[in-house]
Amino acid sequence: MLLESWVINIIKGEMSLVGPRPLITEYVDQYNKEQIRRLEVRPGITGWAQISGRNAISWEKKFELDVWYVDHGNLFLDIKIVLITIIQVFKREGINEEGETSASKFEGS
C-alpha cells in the first residue's frame with residue numbers, strides 16, 4: 001500500500017523516484033538556512049543520503065547529503081542512486097540508527 005501511494009505521488013508529479021526523502025512537516029520549522037534547501041527539489045523514494053548511510057548517519061549528515069544532491073543532481077547520478085538502492089535493499093544495511101527502531105526524531109541543528 002505504501003508503494004502504491006508513492007507511485008501515485010510520482011505520477012501526479014508530487015514526488016520523484018530520486019530526491020531527498022520526504023520528512024514530516026513539523027521538522028521544517030527546525031531547518032536552518034542551508035537545510036531548507038533540500039526543499040528546492042521534489043522529494044524522492046530514494047536519494048543520495050539513503051545510499052550513503054540511510055538511518056545509520058546523523059541528521060546533519062543526511063541534510064548535508066540532501067543539499068549536495070540539490071546542487072549536483074542529474075540523470076546519471078539518479079541512475080547511479082537507483083542502482084545502488086537496489087543493491088542496498090538486498091544488503092539491508094543502515095536501516096536503523098543504533099538504539100532506534102529506525103531513526104531518532106530530528107531536533108534541529
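This section describes the aromatic contacts, a nonpolar surface patch and the salt bridges of a predicted model.

Across the whole structure, 4 aromatic pairs were found. In one of them, Tyr27 and Trp59 meet edge-to-face, with ring centres 5.6 Å apart and an angle of 85° between the planes. This contact joins distant parts of the chain, the two residues being 32 residues apart. Tyr27 belongs to the loop between strand E1 (16–18) and strand E2 (44–46), whereas Trp59 belongs to helix H3 (residues 59–72). Both partners fall below the 20% limit for burial: Tyr27 has a relative accessible area of 8% and is therefore buried, and Trp59, at 12%, is likewise counted as buried.

Trp59 also pairs with Phe63. The geometry here is tilted, with 6.1 Å between the ring centres and 35° between the planes. This second contact lies within helix H3, where Trp59 and Phe63 are 4 residues apart, or about one turn of the helix. Phe63 is buried, its relative accessible area being 2%. Through ring pairs, Tyr27, Tyr31, Trp59 and Phe63 are linked into a cluster. A charged side chain is also found at Trp59: Lys62 lies over the face of the ring, 4.3 Å from the ring centre.

A nonpolar patch was identified on the surface. Its members are Leu75, Phe76, Ile79, Leu83, Ile86, Val89 and Phe90, and together they have about 800 Å² of accessible area. One of these residues, Val89, is placed in helix H4 (residues 75–91).

The search for salt bridges across the whole structure gave 6. Among them is the bridge between Asp66 and Arg38, with an N to O distance of 2.8 Å. This bridge connects distant parts of the chain, since Asp66 is in helix H3 and Arg38 is in the loop between E1 and E2, 28 residues apart. Both side chains belong to buried residues: the relative accessibility is 4% for Asp66 and 5% for Arg38. Helix H3 and the loop between E1 and E2 are thus linked by this salt bridge as well as by the aromatic pair of Tyr27 and Trp59.

A further salt bridge lies within helix H3, where the side chains of Lys61 and Glu64 meet at 3.2 Å, N to O. Lys61 and Glu64 are 3 residues apart in this helix, so about one helical turn separates them. Lys61 is partly exposed, with a relative accessible area of 34%. Glu64 is also counted as partly exposed, at 48% relative accessibility.

Lys12 and Glu14 form another salt bridge, in which the closest N and O atoms are 3.5 Å apart. Lys12 counts as exposed because its relative accessibility of 53% is over the 50% limit. Glu14, with a relative accessible area of 42%, is partly exposed. In addition, a network of salt bridges links Glu34, Arg37, Glu40 and Asp71.

Methods: Residues numbered from 1 in each chain as written. Predicted model: local features only at pLDDT ≥ 70, side-chain atom pairs only at ≥ 80, totals over all residues. Heavy atoms only, no water. Phe/Tyr/Trp six-rings, centres within 6.5 Å; stacked < 30°, edge-to-face > 60°. Buried < 20%, exposed > 50% of the residue type's maximum accessible area, 1.4 Å probe, protein only. Lys NZ or Arg CZ within 6 Å of the ring centre and 35° of its normal. Patch = residues over 30% accessible without salt bridge, like charges linked within 9 Å, V, L, I, M, F, W, Y side chains within 5 Å. Areas by Shrake-Rupley, 256 points an atom, 1.4 Å probe, with all protein chains shown as cover. Salt bridge = Lys/Arg side-chain N within 4 Å of Asp/Glu carboxyl O.
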